[in-house]
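This report goes through selected local features of one protein model. The sequence and the coordinates are shown first.

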Amino acid sequence: VYKRQGPDLPFAIYGLTTYYLNTSNLTACRDVAQMLMELSEQPGFERHRAAAHLQLGFVNVFSGQLEAALSEVENNRRHYEKSDHTDFARRYGQDPGATAFAMGTLPAWQLGHVDLALEYGQRGVALAKQQNDPFTLAVCQVFLTLTHICRRERAQALALAEQTIELCEHQQFPQWLHQARVTRGWALADGSATTAEGLAEVRSALSGLATVSAVIGAPIFMVLLAQSLMAAGMNEPALATVKQALVDSSARGNKWMDAELLRLQALLEARLENPDWSAVGVLLQRSLAEARRTSSRLPEVRSLCATDQFGLATAEHYARLEVLAGELDEGQGTADMLNVQAVLARR
């Protein structure tokens, strides 16, 4: 059937996967991406296999199958390097090799490969620049900015967000412009005099994202909104944001940030006037369970440190934190790993 459809079929299938991905219809996206994979196994269509691995990788990221997502980065690279994809960037809308590196940043970070996440982000940006492809560059810079945010590197995130905003305004890339503005707003909302400005930008940019129906990245952007509200002392709106984000992620099957959202809910419940510490403990246990389900070791580390922060840590929690501290050999100078060292040192 595929052979009778002509050479444009894979581009049409790829476009359909992009639509389903952006609207967070992960089941449909996986099914259609698998069609592209099957097509790429037929003679004459082999060059499309890198793009199939890219889209399957995205589906795996957002459905919380992080190890599978990370393996798709290497699968993509292996097939991408076999052929010249320069013309494909124009037909697909973005370069599948550079975008695969961008896609790999988030599962790499969650799995605890903190430095690999940064390396992937930088390689994606470098490849997009080499290809002289501004759209792919915008995509890769947004993901690299998110990587800096995950690593809690606010200054680097701010500088890159501003570069990306300038690029997207010049090239008129609305989706990536709004996402870059969310990241810049988060960077400004640091509890200082720029917090109100930053929070306003986060809210404005999220409204802009809603106009282009790009909901797939919603969980991480809701995390950034909640953190910006917390920096402004607006804990009740932050709590409402987190609760709604958890409802939405469950409805869409887009649960890749649930461990982090549950941790934030616990932190916010602890800020209430009369905290229910039992409920805080339950939320942290749910966060830990979700982190373990998806092998999200960095979110697990954060929730384990939170149990110590609130005096809820057990011997089992500390033992697990020691195991993770021994396993995680990247990002030793990042804020998360320094916090782990501090917790274990004062235990």
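A residue is called buried under 20% relative accessible area, exposed over 50%, and partly exposed in between, with a 1.4 Å probe and protein chains only. The model is predicted, so to read it: local features need pLDDT of at least 70, side-chain atom pairs count only at pLDDT 80 or more, and totals for chains, interfaces and linings use all residues. Residues are numbered from 1 along each chain as its sequence is written, and side-chain values use heavy atoms, with hydrogens and water left out.

**Buried positions in helices**

Helices are DSSP runs of H or I with at least four residues, and strands are runs of E with at least two, both numbered from the N terminus. Contact means heavy atoms within 4.5 Å.

Tyr14 belongs to helix 1, which covers residues 9-22. Tyr14 counts as buried because its relative accessibility is 2%. Not counting residues up to four places away in sequence, Tyr14 touches Leu36, Ala51, Leu54, Gln55, Tyr92 and Gln94. The C-alpha atoms of Tyr14 and Gly93 are 9.9 Å apart in space, with the two positions 79 residues apart in sequence numbering.

Ile165 is part of helix 9. Its relative accessibility of 3% makes Ile165 buried. With neighbours within four places in sequence left aside, Ile165 contacts Leu177, Ala180, Arg181, Arg184 and Glu201. Ile165 and Glu290 are 125 residues apart in sequence, and their C-alpha atoms are 34 Å apart.

Asp336 sits in helix 18. Asp336 is also buried, at 3% relative accessibility. Neighbours within four places aside, the contacts of Asp336 are Trp109, Cys150, Arg152, Leu298 and Arg302.

**Helices 14 and 16**

The expected span of a helix is 1.5 Å times one less than its number of residues. Helix 14 runs over residues 258-270, and its 13 residues should span 18 Å, which agrees with the 18 Å between its end C-alpha atoms. How many residues of helix 14 are buried? The count is 13 of the 13, so helix 14 is largely enclosed by the rest of the structure.

Helix 16 (residues 297-309) also has 13 residues, and from its first C-alpha to its last it reaches 18 Å, close to the expected 18 Å. Helix 16 is mostly covered, with 12 of its 13 residues buried. Among the buried residues of helix 16 are Leu298, Arg302 and Cys305. Leu298 and Arg302 are also among the contacts of Asp336. Just after helix 16, Gly311 takes a positive phi of about 70°.

**Cysteines**

A disulfide is a pair of cysteine sulfur atoms within 2.5 Å. By this rule there are zero disulfides. For Cys168, which is in no disulfide, the nearest cysteine sulfur is that of Cys140, 12 Å away. Cys168 is buried, at 1% relative accessibility. Cys305 is likewise in no disulfide, and its nearest cysteine sulfur, that of Cys150, is 16 Å away. Cys305 has a relative accessible area of 5% and is therefore buried.

**A buried acid in a loop**

Glu330 is placed in the loop between helix 17 (315-327) and helix 18 (335-346). For charge, Lys and Arg count as positive and Asp and Glu as negative, while His and the chain ends are not counted. A salt bridge is a side-chain nitrogen of Lys or Arg within 4 Å of a carboxyl oxygen of Asp or Glu. Which side chain of opposite charge is nearest to Glu330? It is Arg151, at 6.6 Å, and Glu330 is buried yet has no salt bridge. The side chain of Glu330 reaches the backbone nitrogen of Asp115 at 2.7 Å. Apart from residues up to four places away in sequence, Glu330 touches Gly112, His113, Val114, Asp115, Leu116 and Met337.

**Positive phi outside glycine**

Most residues other than glycine have a negative phi. Two loop residues that are not glycine have a positive value.

| Residue | Phi | Loop between | Relative accessibility |
|---|---|---|---|
| Asn132 | about 55° | helix 7 (114-130) and helix 8 (134-150) | 68%, exposed |
| Gln172 | about 60° | helix 9 (154-171) and helix 10 (174-188) | 67%, exposed |

Technical notes: A polar contact is a pair of N or O atoms within 3.5 Å; within protein, one must be able to donate a hydrogen and the other to accept it, and residues adjacent in sequence count only if both atoms are side-chain atoms.
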